2 protein chains.
Amino acid sequence: MFKKFKIPDATIGRLSLYSRYLKEADEKGINTVSSQHIARATGVTPAQVRKDLAYFGEFGTRGVGYNSRELYNYIMKILGLGRRWPVAIVGAGNLGKALSQYKGFYERGFDITCIFDTDPNKIGKKLAGIEICPLDSLKEKAKAFNIELGIIAVPAAAAQDVADKLIEAGIRGIINFAPVNINTGENVMLRRVDLAAQLEYLTYYLEDTR
Amino acid sequence: MFKKFKIPDATIGRLSLYSRYLKEADEKGINTVSSQHIARATGVTPAQVRKDLAYFGEFGTRGVGYNSRELYNYIMKILGLGRRWPVAIVGAGNLGKALSQYKGFYERGFDITCIFDTDPNKIGKKLAGIEICPLDSLKEKAKAFNIELGIIAVPAAAAQDVADKLIEAGIRGIINFAPVNINTGENVMLRRVDLAAQLEYLTYYLEDTR
DNA sequence: TAGATTGTTAATCGATTAACAATC
DNA sequence: TAGATTGTTAATCGATTAACAATC
């Protein structure tokens, strides 16, 4: 599984940023851009841009550059964004609520389709127009809506259990917002996002450097 | 500025995770842990754990291991978390709202002290008990509350402008949630967090690998 | 002392950058 | 053709891992 040849993790993140710039350029009527244009707009080197693209093919014209719209479409396809993806969020607390309402997901092709929780006080209520469902119904809903992506937005102590249930329900990609390492098997893609740790990168450097 | 010697970026993120495990271990009454324990709990190799710690000093006892509470305290100090940090959020939309209520920040020593927006309909209202203030009052409030950290939670188009205002107000560390590259000077630490891109790491791998 | 685990060095691995031939 | 920019290779840089001496 995951047979795509090995490319640097960071390349994916940069492709995402390139694509956003290309969309903007296209909308502004800029048809052709060079690796240098992309690089300046996204804060990387031109060599990096070309190298990132080279993993996937030849998209430009020597001496000329890249067609903005075409390259945008290529990158979206590479990222798997040639279609929309239904997503399940587990945890209807502050973070789950926030993520379910976040427009940035929708804009990139992600539809928050289901929200799950175990708290009887929350079940049945709605978030961003989506009903909060009992965690027990996860498998059933995942099948019904063809959900392959899950977001874990529960406390650290519950994260592994939720992950197990997501996998059991057939989810193949998980983002874990709980500040704890969780285990998924070989066949499930996992990423951890630690919001507090992001601030800690800053405080590490700011501590006594005044 | 930022004179601390160069360590891998990823080391900081791992230290954060180690510290959470150590806190838990200490609370469970586990006084001594080895690099192998830490490694297993956090999903890295024991060599990685020891190397990460070695950047900052010698915290263990050969043949024995590390004292959980002591190492926890050391790491918190290293990360700059020996004190609490006031934080400003700019943007009172869904994401800003979410982040202002997110308990994970408080638990790691961050206090969301001010929220700013330009929308007159939002100004004056409260989020998580904190009044939404006009962006114009940023400098004044930052001074009053000694705020050095800022979170950008506005649309991409407004992000650079907000960054400029944060810097002008004396903020020294910025997290940018807008999906766009922004420029800060030499003296400001910057990190970008792209929530949608996190899902794109998954879709890249899941695309047609069924 | 024997067993265990750290701290550190050297080897390996992987990602970024510089340089340049290919080619529009 | 001259100028520009890509795609790609080789060189550099940096991070991870393996191995082991130090030492409890």
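How far from a phosphate oxygen of DNA strand D does a backbone N or O atom of A:F59 lie? In this predicted model, the separation is 3.1 Å. A:F59 has company in this respect. A polar backbone atom of A:S35 is 2.7 Å from a phosphate oxygen of DNA strand D, and for a polar backbone atom of A:G60 the corresponding distance is 2.8 Å. Both A:S35 and A:G60 are also listed with the residues that come nearest to DNA strand D, together with A:R50, A:G63 and A:Y66. These five are drawn from the 25 residues around the strand.

The view from the DNA side complements these contacts. Among the atoms of DNA strand D within 4 Å of the protein, 66% belong to sugar or phosphate, and the rest belong to bases. On the protein side, the surface near DNA strand D is made up of 10 polar, 8 charged and 7 nonpolar residues. Both chains contribute helices to this surface: α3 (46–54) of chain A, and α1 (9–27) and α3 (46–54) of chain B, each supply at least two residues. The largest share, 4 residues, comes from α3 of chain B.

It is worth turning next to how the two protein chains are arranged. A turn of 180° with a shift of 0.0 Å along the axis lays chain A on chain B with an RMSD of 0.0 Å. The two copies are therefore related as by a two-fold rotation axis. Within chain A, the residue that comes closest to this axis is A:A98, whose C-alpha is 2.3 Å away. The interface follows the same pattern: because 100% of the interface residues of chain A are also interface residues in chain B, the copies meet through the same surface.

Charged side chains offer a further look at the assembly. Side chains of opposite charge can pair when their charged atoms come close. Over all chains, the count comes to 24 salt bridges. One of them lies within chain A, where A:E24 pairs with A:K28 and the closest N and O atoms are 3.1 Å apart. Here A:E24 is partly exposed, with a relative accessible area of 36%, whereas A:K28 is exposed, at 60%.

Other salt bridges link the chains. The side chains of A:R108 and B:E200 meet with an N to O distance of 2.7 Å. This pair joins two chains, because A:R108 lies in the loop between α6 (103–107) and β4 (110–117) of chain A and B:E200 lies in helix α9 (residues 195–206) of chain B. Both partners are buried: A:R108 has a relative accessibility of 7%, and B:E200 has a relative accessible area of 0%.

A second pair of this kind is formed by B:R20 and A:D194, with the closest N and O atoms 3.3 Å apart. B:R20 lies in helix α1 of chain B, and A:D194 is found in the loop between β9 (189–192) and α9 (195–206) of chain A, so this pair also joins two chains. B:R20 is buried, with a relative accessible area of 15%, and A:D194 is buried as well, at 6%. Salt bridges that share partners also join A:R20, B:R192 and B:D194 into one network.

Note on methods. Residues are numbered from 1 along each chain as its sequence is written. Chains are lettered from A and ligands numbered from 1 in the order in which they are written. This is a predicted model: local features need pLDDT of at least 70, side-chain atom pairs count only at pLDDT 80 or more; totals for chains, interfaces and linings use all residues. Side-chain values use heavy atoms; hydrogens and water are left out. A residue is near a molecule or strand if one of its heavy atoms lies within 4 Å of it. A polar contact is a pair of N or O atoms within 3.5 Å; within protein, one must be able to donate a hydrogen and the other to accept it, and residues adjacent in sequence count only if both atoms are side-chain atoms. Ala, Val, Leu, Ile, Met, Phe, Trp, Tyr, Cys and Pro count as nonpolar, Asp, Glu, Lys and Arg as charged, and the others, Gly among them, as polar. Copies are superposed by least squares on the C-alpha atoms of residues with pLDDT of at least 70 in both. Contact means heavy atoms within 4.5 Å. A salt bridge is a side-chain nitrogen of Lys or Arg within 4 Å of a carboxyl oxygen of Asp or Glu. Buried means under 20% relative accessible area, exposed over 50%, partly exposed in between (1.4 Å probe, protein chains only).
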